[in-house]
Amino acid sequence: MADPRGFLKVTERVDRPKRPVPVRIMDWKEVQEAQDRGVLQKQAGRCMDCGIPFCHEGCPLGNLIPEWNDLVWRGLDAEAVERMHATNNFPEFTGRVCPAPCESSCVLGINQPAVTIKQIEYSIGEMGFDEGIIKPFVPQRLVGKTVAVVGSGPGGLAAAQQLTQAGFTVAVYERDDRIGGLLRYGIPDFKMEKEVLDRRLDVMRAEGTRFRPGVEIGKDITWDQLKRRYDAVVVATGATLPRDLTIPGRDLEGVHFAMDYLVQANRVVAGDEVEGQISARGKHVIVLGGGDTGSDCIGTANRQGAASITSLAIGRKPAADRSDADPWPMMPRVFEVSTSHEEGGERTYLASTVEFVGENGKLTGLKVAETEYLPDGRRAPKQGTEKVLPADLVFLALGFTGNESEDITAQIGAELDGRTNVARDDQYMTNVDGVFSCGDAGRGQSLVVWAIAEGRACAAAVERHLLGSTRLPAPVAPTDRAIDLSM
């Protein structure tokens, strides 16, 4: 008998018939579109130029939002691009993939929809390239100091560009075959086409930044060798260790970390051949985790032609509106629907995973139960509510636990904090003189906007260390609180 709440006894199974794979008309092009100029200016004109613009507080970069809103409203594109780049190296990235905490802090949001700040930011970035406003900034002189940046995600790229423009000779090392880190291989093209990344890298090359893809520090070059070769080293390797789910059946074929799946899909879209690619075509897919990575898995599986897609979350469904626990201008935890969710799939909350079920070593289903909240606040599967969902693929999108730090610890003795991040002081320097840590490598998993902010601040710290002073901006400190995405 089925439980009236929809959960089944453990002996029962929810069967979903194999459906013919539908003909998909979905491509991998970006789903975000530019706004009509009139709509864009109307939105920018809604900005009230507040006496206290709380949108600044919501943005770790300290973007000058009322200023460039006013410039967009007046049609002064070049000036808007200049004001945007005064605080943000890559508005074309953040305008696509940042969750826009600035909009949650918009004063208009107290009693009406906030200004569409993210869309305006995206449009400014596109104006800069489309109208030829963005040009390489080549320093007039070099300062005679060299810096190695390890990792080419948003934090590393921001640090590299700041230092290059300040006259340092900068080389960016990346272990993958292409530059970009998770911007390249972690974010699907339907959220950010890679031409967007490549055109920015072309600007950075013209400015003088040198890129070294396909070089793994710790293996191809030791950390000690790198440290002796350069005057300073910036560790921007990200937080790449995924959180696992150690329940029975974890070793079954068909259970994968989300990033393994997304990286392969991105490589195929880029034209690479991936032997044994994980494909969702014609399969029942379950995604564990309700964040951006889980959403990206849903969008990717839809484009590959999955037979069904189910997203499971262990907790309660978030409220539609901000709660008293998240008052304005804090970023609220509310129910959100991404474009991937709109494209198809089921979303289920209060679902605790119990066991991966399989036959002959292959995944066939996922046993789940209703989540029960215990008196001490812990969550646990509720006895008697188990059911088995059919599943050919399960993707674990449960966040990240830290960075791959064994080599840097063993080779130069860099210390880690309690969360396996590369520990640093209030000037972003590790316990090793001249070695700095920024972005997710030092902070833990967070937003792209925090990575850029930390990259800018770390660049200022490097310049101060090598030259005795700095004129570079430092928008955030290592101790500033970021949104915790690790749970």
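For sorting pocket residues here, Ala, Val, Leu, Ile, Met, Phe, Trp, Tyr, Cys and Pro count as nonpolar, Asp, Glu, Lys and Arg as charged, and everything else, Gly among them, as polar. By that split, the lining of the second largest pocket in this predicted model comes out as eight nonpolar, six polar and five charged residues. The pocket itself holds about 500 Å³ of space. Its lining is made up of 19 residues, with E82, H85, A86, F137 and Q165 lying nearest the centre. Three helical stretches, α4 (77–85), α8 (154–165) and α10 (194–207), are the elements that each give two or more residues to this lining. Of these, α4 puts in the largest share, with four residues.

Moving along the chain, strand β13 (residues 387–390) turns out to be covered on both faces. K387 and L389 sit on one side, V388 and P390 on the other, and all four are buried. Strand β13 also has a partner: β11 (residues 362–373) pairs with it in the antiparallel sense, over four bridges. Within this pairing, G365 stands opposite P390 of β13.

As for how far to trust the coordinates, the chain averages a pLDDT of 92, and 94% of the residues score at least 70. There are weak spots, though. Over residues 17–23 the pLDDT stays under 50, and the model gives that stretch ten contacts beyond four places in sequence. Residues 483–487 are also below 50, with 17 contacts in the model beyond near neighbours in sequence.

Notes
Residues are numbered from 1 along each chain as its sequence is written. This is a predicted model: local features need pLDDT of at least 70, side-chain atom pairs count only at pLDDT 80 or more; totals for chains, interfaces and linings use all residues. Side-chain values use heavy atoms; hydrogens and water are left out. Buried means under 20% relative accessible area, exposed over 50%, partly exposed in between (1.4 Å probe, protein chains only). Two strands pair if DSSP finds at least two bridges between them. pLDDT is the predictor's confidence in each residue, from 0 to 100. Contact means heavy atoms within 4.5 Å. On a 1 Å grid over the protein atoms alone, a cavity is a set of points where a 1.4 Å probe fits but cannot get out, and a pocket is an open set with protein on both sides within 12 Å along at least five of seven lines; lining residues have an atom within 4 Å of a point. Grid points are joined across faces, edges and corners, and a volume is the space filled by probe spheres set on the points.
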